[in-house]
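Okay, thanks everyone. I've got a few minutes on a complex, so let me put it up on the screen.

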Amino acid sequence: MSVCLQRDIIALCPFVQFCWGPAWKRFSTQNNLSDATKERVEDIHTLVNAAIKWSIKAQHVCWDLSSVGFLSVVTMLSKKEKKLIKEIWERLTPVAEDIGSDALLRMFASYPGTKTYFSHLDISPGSAHLYSHGKKIVLAIAEGAKDISQLTVTLAPLQTLHAYQLRIDPTNFKLLSHCMLVTLACYLGEEFTPVAHAAIDKYLSAFAAVLSEKYR
Amino acid sequence: MVKWTEEERCIIRGVWEKVDIDEVGAQLWARALIVYPWIERYFGSFGDTFTTTAILNNPKLAALGKIVLAALDTAVKNMDNVKGAYASLSRVHYEKIKVDPEHFRLLAECITISIACKLKAELSPQVQSTWQKFLSAVVDSMRSQYK
């Protein structure tokens, strides 16, 4: 690929950063952009991201994620993803007990080490403790999904609980997230499309990261 | 060498019997690439893999998915010596394709989730646990020649 083309694509990076940062939010509010316009810009942003990925690939260049800040926008949740996540967790709220207990049971079965955090509860299949604890977890995840941009605020009390009282090793959050994904796949079947899977995986990673922010 | 009880063998074969290799295989890499886009690094010769639509409709990815599941079939049939059965595969992935072994684990997770979408409640917590134990053995075998 020509150097000129690569330069042109890299020149689009400020646009990409602009579209996701606070500057974009201010711009779109101040200029009263319609939802349709904002969506079109965000679609362009998705295309630009794809072009950037293509340019990187064509050059077989490995970009260090930390040093090239614009790449971080690729991993952020788009508006469509946030909407999808919110809708899915809203649907799961009425069956929070079933979803939560199922995910926990899967985690205890596949990763027995996780049981060490639950010696104070009866975690046998069908137990009242399992249902109530599972329900708490799913409702917290659903609450966060209502406004993902406010996750740190929503989770502040849970952050304190996990950091100073529960002190669950953060590696376990990944194990529960995986089991939660399997539970959702079993519950939603074909509706758990790759796009939904990716969005929820990203959300659960973000959730876990926020939850462990106060650990050190 | 992993030791399997009769019950575990039964469970693993039971899961595998229900998997339509063509159906699940066709969408396997699409799921992996959409969920973990950075594994695109191996797919330089696969044409358009830059948008979700392109990934979902890429025939080379679909074909590769079926090849992977056909290889998994070999593992199911050689449960007592997956390491031996996969030695040359492991070498190829290490020396020629240069795959990060962490990515075997990521693909294994996608396989489990694809199967969960099909099997639904039949993939109970116990069945999932046994199936994942099998996939861990497969992943370890794929890593065995990385020296």
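I'll go through confidence, the annotated domain, the empty spaces and then the cysteines.

First off, keep in mind that this is a predicted model. For the complex, the predictor reports an ipTM of 0.82 and a pTM of 0.75. Chain B comes out with a mean pLDDT of 95, and 100% of its residues get to 70 or more.

On to chain A. UniProt, in an unreviewed entry, lists residues 76-216 of chain A as "domain: Globin". In the model that span is 70% helix and 0% strand, and its end C-alpha atoms sit 24 Å apart.

Now the empty spaces. Let's take the second largest pocket, which has a volume of about 750 Å³. Which residues come closest to its centre? Out of 29 lining residues, those are A:H133, A:I137, A:H162, A:L166 and A:I168. The helices of chain A that put two or more residues into this lining are α6 (96-110), α7, α9 (156-166), α10 (171-188) and α11 (194-211). The biggest contributor is α7(A), with seven residues. If you sort the lining by class, you get 19 nonpolar, nine polar and one charged.

What about closed cavities? There's one of 30 Å³ or more in the structure, and the volume of the largest cavity is about 40 Å³. Around it you'll find A:K86, A:W89, A:E90, A:T93, A:A142, A:A145 and A:K146. Two elements of chain A supply two or more of those lining residues, α5 (79-92) and α7 (128-146). So α7 of chain A turns up here as well as in the pocket lining. By class, this cavity lining splits into three nonpolar, one polar and three charged residues.

Last topic, the cysteines. How many disulfides are there over all chains? A search of the whole structure gives zero. Take B:C10: its closest cysteine sulfur belongs to A:C186 and is 20 Å away, so that's too far for a bond. B:C10 counts as exposed, at 55% relative accessibility. Then there's B:C110, which is buried, with a relative accessible area of 0%. Why no bond there? Because the closest cysteine sulfur, in B:C117, is 10 Å from the sulfur of B:C110, again too far. For reference, the cut-off for a disulfide is a sulfur pair within 2.5 Å.

That's my tour, and I'm happy to go back to any part of it.

Notes
Residues numbered from 1 in each chain as written. Chains lettered and ligands numbered in written order. Predicted model: local features only at pLDDT ≥ 70, side-chain atom pairs only at ≥ 80, totals over all residues. Heavy atoms only, no water. Buried < 20%, exposed > 50% of the residue type's maximum accessible area, 1.4 Å probe, protein only. UniProt positions renumbered as here; feature names shortened; annotations may be inferred. Helix = DSSP H or I, 4+ residues; strand = E, 2+ residues; numbered from the N terminus. 1 Å grid on protein atoms, 1.4 Å probe; cavity = no way out; pocket = protein on both sides within 12 Å on 5 of 7 lines; lining within 4 Å. Points joined across faces, edges and corners; volume = space filled by probe spheres on them. Nonpolar A, V, L, I, M, F, W, Y, C, P; charged D, E, K, R; others polar. pLDDT = per-residue confidence, 0-100.
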